[in-house]
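Please take a moment to look at the structure shown below, and then follow the text as it leads you from the interior of the protein to a pair of packed helices.

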Amino acid sequence: MLTRLVIGRALSALATALIPTTLTLVVLRGSGDAADLGIVLACELVPMLVLLPFGGVVADRFPPERVVLLADLTRCAAQAAIGVELLLGVERIADLAVLAAVTGAAAAFGTPAVPRLVAATVEGAARLRANARIGLATSLSAVGAPAIAGALVLGAGPGWASLFTAVLFAASAFTLGGVRTARAAAPTGAHSLLSGWREIRRRPWFLVSVMGHGVWHLCAGLFLTLGPLLTVRSGEAMWVIIVQCGTVGMLAGVFAAPRLPIRRRPLVGCAVGASLYAAPLAALAVPLNGWAVAVAYAVAMFGLGLLVPLWETVVADRIPVEALGRVRSFDSLISFAARPLGLAVAAPLAGWAGTAPPLWIAAVAVAAASLSVLGVREVRSPAAQPLAAPRR
């Protein structure tokens, strides 16, 4: 079952990451209007953000494999419709916007169901290694997606690129949908958005961590906007080098996560890993040369590589399975909303205050917000619940 989970998550991550690049190239090759591009991309993001909390409720009410199956099949149908339209020579922005909205809405229901599926399939003792493998597969898929999308659009055409994305979603649906989990009893009592919020409020470590993740994504948006502008002085290829160094760092972090002696304090590992993103922000603010920024970004992404499998595992271990979908939907909502905000405000802030002040503020903010969870007694306590050791 673990192999199915890894393959299914990699396919889904690849398909999801192909969509923005494909849609961008479709619109630019068609109308070429930046406003049209903004409308189409927003039509995917906004429904996802609005519906994510309700997707968490659905994930807690129904078997997760069925929710994932229907969500991926819906995204498959939407991408297939886009592909057919493009192959027929139809490039209506309204159609692209509607189908992008369907894709985003389906993602809102599928995203919270995946952690439940992993938690219901993998034993607690093996979850960290399982999440590390899933993180490695999904990271590689996401990194390779823009190049794959560009090659497909330029080589075969945007219609075929969308159809390829649809095929990937279909493969993901039948891979993850074929995972069999134990049929738990239907949840009793309140299982609404409000009850999910109560579960979050009972766990200060979760709420403080998630707010820190939101600051992390906001600051990442700032870095990813200003980074290319400020590193061009070191050569036009420098930003590509920086990104590739970050990819290597992230993969190294994911690989190292289950092997480092941090099981006794997994939330400390999460906090420290997230705080490392202050390094590239400070390197840009100084400013250091491009190679120094590349090293700092590799360190930051190593921290992210540690964070992802640790966080996935500790949340699955400490949140009741009947509430996991609603709790994780809140986590996803904060993260998905914060990154576009950071991308949007970076240029205006830099134009108003210059580049250095926003970057210094972001570096301090991401470090402080990430490490603030260390002030929660449950995180510092020697009795804090450790991650289970894997079987030898």
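**Cores and a helix pair**

In this predicted model, the largest nonpolar core is made up of 55 residues, and those with the most contacts inside it are Trp-205, Phe-206, Tyr-277, Leu-281 and Trp-311. Several helices contribute to this core, for at least two of its residues come from each of H9 (204-231), H10 (238-256), H11 (266-275), H12 (278-285), H13 (290-318), H14 (324-353) and H15 (356-371). The largest share, 13 residues, is supplied by H13.

To see the surroundings of one core residue, consider Trp-205, which, when its neighbours within four places in sequence are left aside, is in contact with Leu-267, Trp-311, Val-314, Val-315, Arg-318, Ile-319, Val-373, Val-376, Glu-378 and Val-379. There is also a second, separate core, which has 22 residues and includes Leu-11, Val-40, Leu-86 and Ala-145.

We can now turn to two helices that pack together. Such a pair is described by the angle between the two axes and the distance between them. Helix H3, residues 64-87, and helix H4, residues 93-110, pack at an angle of about 165 degrees, and their axes lie 8 Å apart. Because angles over 145 degrees count as roughly antiparallel, H3 and H4 are described as roughly antiparallel to each other. The crossing in which H3 passes H4 is left-handed.

Where the two helices meet, H3 brings residues including Val-67, Ala-71, Ala-78 and Ile-82, while H4 brings residues including Leu-96, Leu-99, Val-102 and Phe-109. Sorted by class, this contact of H3 with H4 comprises 12 nonpolar, 4 polar and 3 charged residues.

How values were computed. Residues numbered from 1 in each chain as written. Predicted model: local features only at pLDDT ≥ 70, side-chain atom pairs only at ≥ 80, totals over all residues. Heavy atoms only, no water. Axes fitted to C-alpha atoms, helices over the stretch in contact; angles between N-to-C directions. Helix = DSSP H or I, 4+ residues; strand = E, 2+ residues; numbered from the N terminus. Parallel < 35°, antiparallel > 145°, perpendicular 65-115°, else oblique. Left-handed = near helix turned anticlockwise from the far one by under 90°. Contact = heavy atoms within 4.5 Å. Nonpolar A, V, L, I, M, F, W, Y, C, P; charged D, E, K, R; others polar. Core = buried A, V, L, I, M, F, W, Y, C linked by side-chain atoms within 4.5 Å. Buried < 20%, exposed > 50% of the residue type's maximum accessible area, 1.4 Å probe, protein only.
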